[in-house]
Amino acid sequence: MIDRLSLAGRRAIVTGAGAGIGRATATLFAAAGAHVLCVDRDPDAAAEAAAAIGGAAAVLDVSDRIAVKQLLGDFAADGVDILANIAGVASSGERIETMDRAAFDRIFAVNFKGTLHCIQAVLPAMIAARRGAIVNMVSSAIDLAIPTNASYSISKAAVAMLTKVLANEVGPDGIRVNAVAPGFVPTALSMEAAGAGAADRAAYLDRWSKSAPLGRVGSPEDIAQQCLYLASDAARFVTGQVLRANGGTTMPW
Ligand SMILES: NC(=O)c1ccc[n+]([C@@H]2O[C@H](COP(=O)([O-])OP(=O)(O)OC[C@H]3O[C@@H](n4cnc5c(N)ncnc54)[C@H](O)[C@@H]3O)[C@@H](O)[C@H]2O)c1
């Protein structure tokens, strides 16, 4: 039964694989037996991640629809079992009243459209094979509605709805679509968005830790474990769900 977490023989795409949660997920997928295409806009990070796990690298900005279709379509032509959409960018310090249109567009282009582009690039191959698992990355922000973080929160809520609509559309084709909503995980993205400099870093992390019944912030590996579960046959009866991995910070129905 434990073998259902195995990804032996599976071909997986992980976006944002160059750092943080994406890197941890690519590493765990490879450890579970998958051949992983490590996608990142940062060429060095993509190459380093791929070399560390014996996978392949693709340098790609997921907001570039044409490039995504080409590169991921090429990979998918040889078969693709798993797509983990983890690349993302954050907003902070904005108020809706004075929201900067260009900044909003950029967040949406990466977080929402980037996820959509990658899905559209692999779906034809998954539908033809009548199998596949897609894992999208959202955030506790979809529940918390954090003030001054509207672009990010709205983009992630849109990805959560994309997850559910797509699950309904392609369930009959044998494809499962789920999302992970992490709580706070200290990474380049989250610490930069928080604007927390070295001096107040400890106090900032302490506040997030105290917001969780489990009393700590997450690690990239904590989130990678959820991606592995949802990508694997252990979740073969699970689709259209948002799995909240946040130490209990939010507990919606
Ligand atoms: N860290 C957190 O607290 C947290 C919480 C909830 C959700 N998330 C989500 O998890 C995901 C990963 O975040 P992280 O904290 O590991 O960030 P990170 O900054 O550590 O890593 C993000 C990676 O994505 C890559 N990337 C960014 N934009 C890209 C693009 N347009 N095309 C291709 N690659 C791109 C970056 O180069 C980087 O390697 C994001 O979607 C983020 O919104 C993070």
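Guide: Domain bounds here come from an automatic or database domain assignment. This is a predicted model, in which local features need pLDDT of at least 70 and side-chain atom pairs count only at pLDDT 80 or more, while totals for chains, interfaces and linings use all residues. Residues are numbered from 1 along each chain as its sequence is written.

Visitor: How far apart do the C-alpha centres of domain 1 and domain 2 lie?

Guide: Domain 1 takes in 2–183 + 219–243, and domain 2 covers 187–217. Ten residues of domain 1 are in contact with nine residues of domain 2 (C-beta atoms, placed from the backbone, within 7 Å). Between the C-alpha centres of the two domains, the distance is 24 Å.

Visitor: Which strands stand at the edges of the open sheet?

Guide: The protein has nine helices and seven strands, counted as DSSP runs from the N terminus (helices H or I, at least four residues; strands E, at least two). Seven strands form an open sheet with parallel pairing, in the order 3-2-1-4-5-6-7; two strands pair if DSSP finds at least two bridges between them. Each edge strand has a single partner, so one side is left without a neighbour in the sheet: these are strand 3 (56–59) and strand 7 (242–245).

Visitor: Which residue of strand 3 stands opposite leucine 37?

Guide: Strand 2 spans residues 35–40 and runs parallel to strand 3, its partner over four bridges. Opposite leucine 37, in strand 3, stands alanine 56.

Visitor: Is proline 220 buried or exposed?

Guide: Proline 220 sits in helix 9, which covers residues 220–231. Leaving out residues up to four places away in sequence, proline 220 touches Gly20, Ile21, Arg23, Ala24, Val185 and Thr187. A residue is buried if 20 or more other C-beta atoms, placed from the backbone, lie within 10 Å of its own, exposed if 12 or fewer, and partly exposed in between. Proline 220 has 21 C-beta neighbours inside 10 Å, so this residue counts as buried.

Visitor: What distance separates the C-alpha atoms of proline 220 and alanine 150?

Guide: Along the chain, proline 220 and alanine 150 are 70 residues apart. In space, their C-alpha atoms are separated by 24 Å.

Visitor: And the whole protein: what percentage of its residues count as buried?

Guide: The C-alpha trace spans about 50 × 40 × 35 Å along its principal axes. Among contacts between residues at least 6 apart in sequence, 72% join residues at least 24 apart. Of the 253 residues, the share that counts as buried is 50%.

Terms used:
Contact = placed C-beta atoms within 7 Å.
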